[in-house]
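Visitor: Could you take me through one part of this protein up close? I'd like to know what sits around it and how it ties into the rest.

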Amino acid sequence: MFLSFHSMSSFLCSRPPLAMFILSLLVLSVTTLSLALYCRSSPNLHNVDVLDWNKLFTEMSDIKFCLKTNSTITPNSTISNTTTYTATMAKVPIETNLVAFLPRDSEYFSGEGSIPLTHLGLGHTSEESVMVKLQQERGKVTVCVRVESDKMELIEHLRNDTIGNDACIDNARDTKEFTAHSDKHLPHSWCKKDEDSIFQWDFQGREDWATFLTQEEREVLYVHLLATSAVLASAVVCMLVWAAARGAAAGSRRVGDRRGDMQLLPSEGLEDDRDF
């Protein structure tokens, strides 16, 4: 047989880098196929491209905040001519006592600051951000959170008929300003001024506050992964056929060379006999 397993294996054994490359393509093809089947059968796949309450709070847990206790934001300073979209969530359970970062006589915590989308796992090349306001009463383990943005698409997954419409923010309270920075690559000079205080947000994920991929989105993902797996598998098959063909051709040349050597040996022996 011209294209045989022996010819293919002998050709690949003589070229280990090529064999490892084909094996890597095969593993990628099988992995992609497995992911495609998983995406189609699993209904609980998080949509990581949107900002929902679960993503906001879990990403905030990986951020460090610098509270400027000597600065106060007045309601008038936040008024602008642009349209602002808001979403508010009450009774958000956290494991952090925000009031403890203020003077001892403080009865509540009220802070507001801008969080870049890059810190929230969105907009990796964008400088956009959302304004987040936090308020907590002394002795409470829950927080009221309000998110503001001038882009509706950033708020649409935070607010609907059943969530994001709570009226828990008291705008009459003195509000401190805070800045946000990723926990990674934190400068040593960050939040080192007098009266500055570093605090963190500790939140356990809530699946009922997350946004999942729809059936149509999972079907699109399935088709794309399946097509990728098919392309990789086709590449593996083509390379194996090519390797078998090259191995068979090399084997034919070796057989021809051996036959030529066997025909020359008797003639050399006859010449030696004649010399004697």
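Guide: Let's take a close look at helix 3, starting with the chain it belongs to.

Keep in mind that this is a predicted model. The mean pLDDT of the protein chain is 83, with 83% of its residues at 70 or more. Confidence varies along the way: strand 5 (residues 142–149) has the highest mean pLDDT of the elements, 94, and helix 1 (residues 5–13) the lowest, 72. There's also a stretch to treat with care, residues 255–265, where pLDDT is below 50 and the model shows 0 contacts beyond near neighbours in sequence.

As for the overall layout, the chain has 4 helices and 7 strands, and they run α-α-α-β-β-β-β-β-β-β-α along the sequence. Of its 276 residues, 36% count as buried. Among contacts with a separation of 6 or more, 81% link residues 24 or more positions apart.

Now for the helix itself. Helix 3 covers residues 53–60, and it is largely enclosed by the rest of the structure, because 6 of its 8 residues are buried. Those are Trp53, Asn54, Lys55, Leu56, Phe57 and Met60. And what covers them? The cover includes strand 1, strand 2, strand 3, strand 4 and strand 5.

Helix 3 also matters to the tally of the largest nonpolar core. That core has 36 residues, and Trp53 and Phe57 are among those touching the most other members, along with Leu134, Val145 and Trp201. Helix 3 gives 4 residues, the largest share. Other elements giving two or more include strand 1 (63–73), strand 3 (108–116) and strand 6 (175–182). In general, nonpolar side chains tend to be buried together in soluble globular proteins.

Zoom in on Trp53 and you can see who its partners are. Leaving aside neighbours within four places in sequence, Trp53 is in contact with Ala87, Thr88, Met89, Val145, Val147, Leu158, Ile163, Gly164 and Trp209. Of these, Val145 is another of the residues that touch the most core members.

Not every buried nonpolar residue belongs to this core, though: a second, separate core of 11 residues includes Met8, Phe11, Leu25 and Val236.

Last, a look at some strands that help cover the helix. Strand 2, strand 4 and strand 5 each give two or more residues to the lining of the second largest pocket, which holds about 190 Å³ of space. Its lining includes Ala90, Gln135, Cys144 and Arg173, and divides into 4 nonpolar, 3 polar and 4 charged residues.

Note on methods: Residues numbered from 1 in each chain as written. Predicted model: local features only at pLDDT ≥ 70, side-chain atom pairs only at ≥ 80, totals over all residues. Heavy atoms only, no water. pLDDT = per-residue confidence, 0-100. Contact = heavy atoms within 4.5 Å. Core = buried A, V, L, I, M, F, W, Y, C linked by side-chain atoms within 4.5 Å. Buried < 20%, exposed > 50% of the residue type's maximum accessible area, 1.4 Å probe, protein only. 1 Å grid on protein atoms, 1.4 Å probe; cavity = no way out; pocket = protein on both sides within 12 Å on 5 of 7 lines; lining within 4 Å. Points joined across faces, edges and corners; volume = space filled by probe spheres on them. Nonpolar A, V, L, I, M, F, W, Y, C, P; charged D, E, K, R; others polar.
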